[in-house]
Amino acid sequence: MTVHFVVDKELAGVKVEKAIKKKYPTIPMSVIFKMLRKGEIIVSFLPAQKGQILKFGETVSFEIEDRFLEHKKLKIIKVYEDDNIVVIDKPYGIPSHPDSNNEYSVISWIEDNYSKSEFPQLCHRLDRNTAGLMIIAKNRQVLSEMLKYMSRRTIIKKYLCITKKADLPESGVLVHYLKKDSKKSKVYISDFPQDGYSEVVTAYKIVRQKDDLQLVDVEIKTGKTHQIRAQLAHVGLCILGDSKYGDWELNKKYKADMQALCAYYLKFEIGKKGILRYLDGQKIVKEAVEFPINIEGFSSINVYKERGLEI
């Protein structure tokens, strides 16, 4: 379709690529730069150049596929809701926050389903390729209180994952040190304290195994970026389908291109004070965990029937 707009006061003085992104946020920057290179973006009858500053009253036009102007909306299920919080079940493949490609995200879903006056906000994140339970606060007071509980680790969060078989005790607590490299979007694990590293603690339990795979129950005691994926991989429990920290040969064998990791359990141990005191002792549990793989006995896990899980 043909896109045409006139530069207003808000866009005047802005680079052409940033103006287009601001006006049409679903168009990836890579697509905008490609159109600029090919001379397909026209500003006042002349092909625009990358970095060109727009002037008030100029016209901008270009041809683009309809798919770049629409969000691909994915189904997000409400698991629990009251006057203060919402707990959703995030599917695989959807980011918590909009990324550089501006795909449909959990934030997009919140904006579609709640008014700004309600101030709904995510209390934590899940990686794009991790599925499961996420908590949304419905107002500022609840957000502040929920973040306080999370910093105190009084909200228990458990995950199920499928990992490579490793020679480890059936259960244990892993204590390591993690450093985040934001430029590479990756973290590094150390066995010993070092400058720039933070302590990470993860409890695990091997529920059962089959061939070279294991079903592992994980509880995070600290909450750092990529903590579960990197820390488990560090001890040999590479999560199936994880392209960043996983085992390439294992992923290839099972044709797994998305990590088999799901947040399935929340328990509130927050005490009897505060606006959320009614949640103290409550559990929210996914009845079934569907992993993005096709392996008999591992693709779908009924949480309440799975022996070895403490629900």
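**Largest pocket, helix H5 and cysteine environment of the predicted model**

Helix H5 is the element that gives the most to the lining of the largest pocket, with 3 residues. The structure described here is a predicted model. The volume of the largest pocket is about 940 Å³. Its lining comprises 37 residues, of which Arg 125, Leu 126, Asp 127, Thr 225 and His 226 are the closest to the centre. Two or more lining residues come from each of strand S9 (155-164), strand S11 (186-190) and helix H5 (227-234). Classified by residue type, the lining of the largest pocket contains 15 polar, 13 charged and 9 nonpolar residues.

The surroundings of H5 were examined next. Of the 8 residues of H5, 7 are buried, and the helix is therefore largely enclosed by the rest of the structure. The buried residues are Gln 227, Ile 228, Arg 229, Ala 230, Gln 231, Leu 232 and Ala 233. The cover over these buried residues of H5 includes S9 and S11, together with strand S10 (171-181), strand S12 (198-210), strand S13 (213-220) and strand S14 (261-268). Thus S9 and S11 are among the elements that cover buried residues of H5, and each also gives two or more residues to the pocket lining. Just after H5, a positive phi of about 100 degrees is found at Gly 236.

A second region of interest is strand S7 (residues 121-122), in which Gln 121 is located. The relative accessible area of Gln 121 is 31%, so this residue is classed as partly exposed, the class that lies between the limits of 20% and 50%. Gln 121 and Ala 137 are separated by 16 residues in sequence, whereas their C-alpha atoms are 5.3 Å apart in space. When residues up to four places away in sequence are not counted, Gln 121 touches Ile 135, Ile 136, Ala 137 and Leu 143.

With regard to cysteines, the structure holds 0 disulfides. For Cys 123, the closest cysteine sulfur is that of Cys 262, at 18 Å, which is too far for a bond. Cys 262 is likewise in no disulfide, its nearest cysteine sulfur being that of Cys 161, 10 Å away. The criterion applied to a disulfide requires the two sulfur atoms to lie within 2.5 Å. Cys 123 has a relative accessible area of 7% and is therefore buried. Cys 262 also counts as buried, at 2% relative accessibility.

An open sheet of 4 strands is present, with the order S1-S4-S2-S3 and antiparallel pairing. Strand S1 (2-6) and strand S3 (46-47) occupy the edges; because each has a single partner strand, one side of each is left without a neighbour in the sheet. The antiparallel pair formed by S1 and strand S4 (residues 59-63) is joined by 5 bridges. Within this pair, Val 6 has Thr 59 in S4 as its bridge partner.

At the level of the whole chain, the model contains 6 helices and 17 strands. The C-alpha trace spans about 70 × 50 × 45 Å along its principal axes. The chain has 311 residues, of which 48% are buried. Considering contacts between residues at least 6 apart in sequence, 61% join residues at least 24 apart.

Notes:
Residues numbered from 1 in each chain as written. Predicted model: local features only at pLDDT ≥ 70, side-chain atom pairs only at ≥ 80, totals over all residues. Heavy atoms only, no water. 1 Å grid on protein atoms, 1.4 Å probe; cavity = no way out; pocket = protein on both sides within 12 Å on 5 of 7 lines; lining within 4 Å. Points joined across faces, edges and corners; volume = space filled by probe spheres on them. Nonpolar A, V, L, I, M, F, W, Y, C, P; charged D, E, K, R; others polar. Buried < 20%, exposed > 50% of the residue type's maximum accessible area, 1.4 Å probe, protein only. Contact = heavy atoms within 4.5 Å. Pairing = 2+ DSSP bridges.
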